[in-house]
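Visitor: I'd like to learn how to read a few features in a model like this one. Could you walk me through them?

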Amino acid sequence: MTTVSEIMSRDVQTVAPEDTLQKAAQCLRDCDVGSLPVSSGTRLLGMVTDRDITVRAVAEGLDPSQACVSDVMSQQVQSCSADADIESVMRQMGDAQLRRMPVVNSNQELVGIVALADLALKSGRHIDETVREISQPN
Amino acid sequence: MKTIDGQTVGQLMTREPVALSPHDSVALAARLMDELNVGALPVCENWEVRGLLTDRDITVRVIAAGLDPATTATADVMTERVRCALMHHSVAEALALMGTVRIRRLPVLDDQQRLVGIITLGDLAAQAVPGVAETLRDISTPAAPDRSIAPAAAPEAALA
């Protein structure tokens, strides 16, 4: 069994709920990722994505230099445990149509992030089913 | 897996695509992406593709840069020189192109180079097309996508 801790990234860039959307957008750009965990200290509060900023802020006419991450982030986020089996995590990511998922410890503290790219590159297992689920139109 | 011999991009693509004008504001583009539940829209003049605008472009080229979405035109921040599939391309050709340019969503052109549809990795995955997993692996490999901004030019009909 391969566990999430074997393939996850431990050095996780996060944003704070009070950060402006402009700052979050700069982090998404500079980290070259499409989603970032939102945390207060080590506590995971949510996730914010390119898409959240586009459809919840820009489409709604919010000012990105004033509106903050907590205004647009998703709060009910999927996460997994570092000792979870990657096969179950792949199913979970497929069901939730996620490409990046935060990893938490038993205290719900953020300890890493796992990406579909990590699974594809390091697991050496079939990801066809996950791919198909993630790629389905909603 | 079912056989897909002979299937073309034209048979699997989504028709009647919604396109932006180069003069449309980024704010309008964001509203359309929200309503249509898509992450990318082609930018066209007379159905000739001038570029592609994604939710990623809006985040990194408009919001991160401090531009005002209401007064920024799509033409100023879109990705130009968009790679396009052709209707008669095979599924294998479309997959190869998606893997090469690391894009999940390609505009589809007819023989007159006019936009007639959109083909996505999801369209191909829904058909249980062999090769999808390999393409996703290519797309997901950490590297900058091949969406370099270049001087405006006619869209490339790759694999022509």
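Guide: Sure. Start with burial: a residue counts as buried when its relative accessible area is under 20%. Keep in mind that this is a predicted model. Now look at strand β4 of chain A, residues 100-104: four of its five residues are buried, which leaves the strand mostly covered.

Visitor: Which strands pair with β4(A), and in what sense?

Guide: Two strands pair when there are at least two bridges between them. Strand β3 of chain A (residues 80-81) pairs with β4(A) in the parallel sense, over two bridges. Strand β5 of chain A (residues 110-115) pairs with β4(A) in the antiparallel sense, and there you'll find five bridges.

Visitor: What sits opposite V103(A) in β5(A)?

Guide: G112(A) does. V103(A) is also the bridge partner of C80(A).

Visitor: How many residues lie between β4(A) and β5(A) in their hairpin?

Guide: Five, and in that turn Q108(A) has a positive phi of about 60°.

Visitor: In what order do the three strands of the open sheet run?

Guide: The order is β3-β4-β5 in chain A, with mixed pairing. To find the edges, look for strands that pair on one side only: here they are β3 and β5 of chain A. Then there's a helix to add: α5 of chain A, residues 86-96, packs on the sheet and touches β3, β4 and β5 of that chain. The direction of α5(A) makes about 130° with that of β4(A).

Visitor: And over in chain B, which residues of helix α5 are buried?

Guide: In that helix, residues 91-101, the buried ones are V91(B), A94(B), L95(B), L97(B), M98(B), G99(B) and V101(B). Just past the end of α5(B), R102(B) takes a positive phi of about 55°.

Visitor: Let's try a charged side chain. Is D55(B) buried or exposed?

Guide: Compare its relative accessible area with the cut-off: D55(B) comes out at 12%, so it's buried. D55(B) belongs to helix α3 of chain B, residues 55-63.

Visitor: Which residues does D55(B) touch?

Guide: Leaving out residues up to four places away in sequence, D55(B) touches D50(A), R51(A) and T54(A) from chain A, plus M33(B) and G39(B) from chain B. With R51(A) there's also a polar contact, side chain to side chain, at 3.5 Å.

Conventions. Residues numbered from 1 in each chain as written. Chains lettered and ligands numbered in written order. Predicted model: local features only at pLDDT ≥ 70, side-chain atom pairs only at ≥ 80, totals over all residues. Heavy atoms only, no water. Buried < 20%, exposed > 50% of the residue type's maximum accessible area, 1.4 Å probe, protein only. Polar contact = N/O pair within 3.5 Å; in protein donor to acceptor, adjacent residues only side chain to side chain. Contact = heavy atoms within 4.5 Å. Axes fitted to C-alpha atoms, helices over the stretch in contact; angles between N-to-C directions.
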